[in-house]
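Biologist: Please take a close look at one part of this model, the sheet that holds the strand discussed at the start of your answer. What surrounds that strand, and how is the sheet put together?

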Amino acid sequence: MTRVVIIGGGPGGYEAALVGSQLGGDVTIVDSDGLGGSAVLTDCVPSKTLIATAEVMTEVGESPELGLRYGEKVSVDLAAVNTRVLQLAESQSADITRSLEKDGVRIIRGQGRLQGTDQVLVTTAEGEETIPADVVLLATGAHPRVLPDAVPDGERILTWTQVYGLDELPEKLIVVGSGVTGAEFASAYDALGADVVLVSSRDRVLPGEDADAATVLEDVFTRRGMTVMSKSRAAGVRRDGDQVVVSLTDGSEVVGSHCLLAVGSIPNSEGLGLETAGVDTDDRGFITVDKVSRTSAKGVYAAGDCTGVLMLASVAAMQGRIAMWHALGDAVTPLNLAQVSSNVFTAPEIATVGATQAQVDAGEVRATSTILPLKGNPRAKMQDITDGFVKLFCLPVTGIVVGGVVVAPRASELIHPLSLAVQCKLTVDQLAQTFTVYPSLSGSLAEAARRLHLHSLQAVDDANPAKPSA
Ligand SMILES: Cc1cc2nc3c(=O)[nH]c(=O)nc-3n(C[C@H](O)[C@H](O)[C@H](O)COP(=O)(O)OP(=O)(O)OC[C@H]3O[C@@H](n4cnc5c(N)ncnc54)[C@H](O)[C@@H]3O)c2cc1C
């Protein structure tokens, strides 16, 4: 039996453990903080559970348009919300533990580090154990970055892992960082009723996302009363009694009751014994891997946030599975980031897959596109959805769908047909000819595809200038 040792029990590690044991490996998983990792215990699951409450509040806030009247103002009991969040995370972690136990995976609660390529030293509460390994998978994740002059105190200056300790809604929350994490928390706390200031060092929120989508979101944020401070870089955060003071690099200050730092992540790659095995990292400490999750050391693989490839739970899980398929001799398809779908869980949500507008604009992908606002969609009108759109990218000539963006409530559920189209190389005509329910938001996906039928005909002429146009 191949002896597999996995360090880290997040999605990169536990999904790999399930595949490793399915393929007949003798699998041990070592985790220091609880199975499920940060994804389940502090990051993904807790934030999306908090956002589930925020979504209801958004709907309640917008329901007067639909003719609903409430006697009293609906308010949020944040202590109850956070109790639910933490219980759900614990129970999800327990479910993962049970399924690994059922599959015969040995689970060790402790700290793991490499001793060369074929041994892992595990430090537990009881002492140390050296575990021999034919294959090692590093899936140790990442932790929140903090600024040198903004040290979290867990009370009012917080990282995203600490917000679930709050038992009252912050009166005025300053969110530093307008990437995905900052935008999601700003959106959620705004919906829950906090006064939110979003401090963004760039000229718009979500600098890494589709610019049209980010513009819609920023408009919605400001319309709902959030203060979005663009081109404002935080230099430090300090406590002043019951207040926090965020100082900006231009010398100005913003005062609030709480501050949430969302300024990126640092890989958990220190103290892992990487040098003993010859595992390379990049200059930011991320473990370098290829498309089948191999590191520079033979027999040592890495998956998830510690590799910095694309910091998503779904990608971590796929990298982990790929590592096991490769190491244990199963059929393996290398990781293809052009097929990854992802979502920003704001209100509205922003879901994307495949080619991006930035790639098209830079000439990296030669695609034609269309954008269809949702406000013309009959279901959207019935539901009073006024913001959002569907954007579709297809290749000229063939009309093959290579990417898409959906900005809508529950866009995370609407993106799947586009993911399928990208994965299976469907054409816009195939997408357009597929029945959609009437009335439905997904009708706009088919409508956008229909529009690209004409655009791609036009693109045929663009792509073949010699061909006479009709
Ligand atoms: C606020 C927030 C929300 C997010 N929401 C989403 C989302 O909605 N969807 C999505 O796809 N992604 C989301 N992400 C990203 C997602 O959480 C990560 O991509 C995912 O957690 C990566 O999984 P992982 O297995 O690499 O690491 P992790 O989940 O971080 O797990 C690593 C585990 O390894 C343990 N560990 C570290 N070092 C050692 C060691 N030496 N020995 C033993 N154990 C060790 C850690 O304690 C941890 O338990 C979110 C991230 C944040 C910050």
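Modeller: In this predicted model, strand β7 covers residues 135-138 and runs parallel to β18, to which three bridges join it. Within this pair, Val136 of the one strand has Val300 of β18 standing opposite.

The two strands belong to an open sheet of five strands. Read across, the order is β3-β2-β1-β7-β18, and the pairing is parallel. Strands in a sheet pair through backbone hydrogen bonds, and the pairing can be parallel or antiparallel. At the edges of this sheet stand β3 (106-109) and β18 (300-302). Each has a single partner strand, so one side of each is left without a neighbour in the sheet. Direction ignored, neighbouring strands are turned by 20° against each other on average.

Helices also lie against the sheet. Helix α1, residues 11-22, packs on the sheet and touches β1 (3-7), β2 (26-31) and β7. The direction of α1 makes about 165° with that of β2. Helix α8, made of residues 313-327, lies across β1, β7 and β18. The angle between α8 and β7 is about 170°.

To return to the strand itself: β7 is joined to β18 by three bridges, is touched by α1, and has α8 lying across it. In the order of the sheet, β7 stands between β1 and β18.

Terms used
Residues are numbered from 1 along each chain as its sequence is written. This is a predicted model: local features need pLDDT of at least 70, side-chain atom pairs count only at pLDDT 80 or more; totals for chains, interfaces and linings use all residues. Side-chain values use heavy atoms; hydrogens and water are left out. Two strands pair if DSSP finds at least two bridges between them. Helices (H or I, at least four residues) and strands (E, at least two) are DSSP runs, numbered from the N terminus. Axes are lines fitted to C-alpha atoms, for helices over the stretch in contact, and angles run from 0 to 180 degrees between N-to-C directions. Contact means heavy atoms within 4.5 Å.
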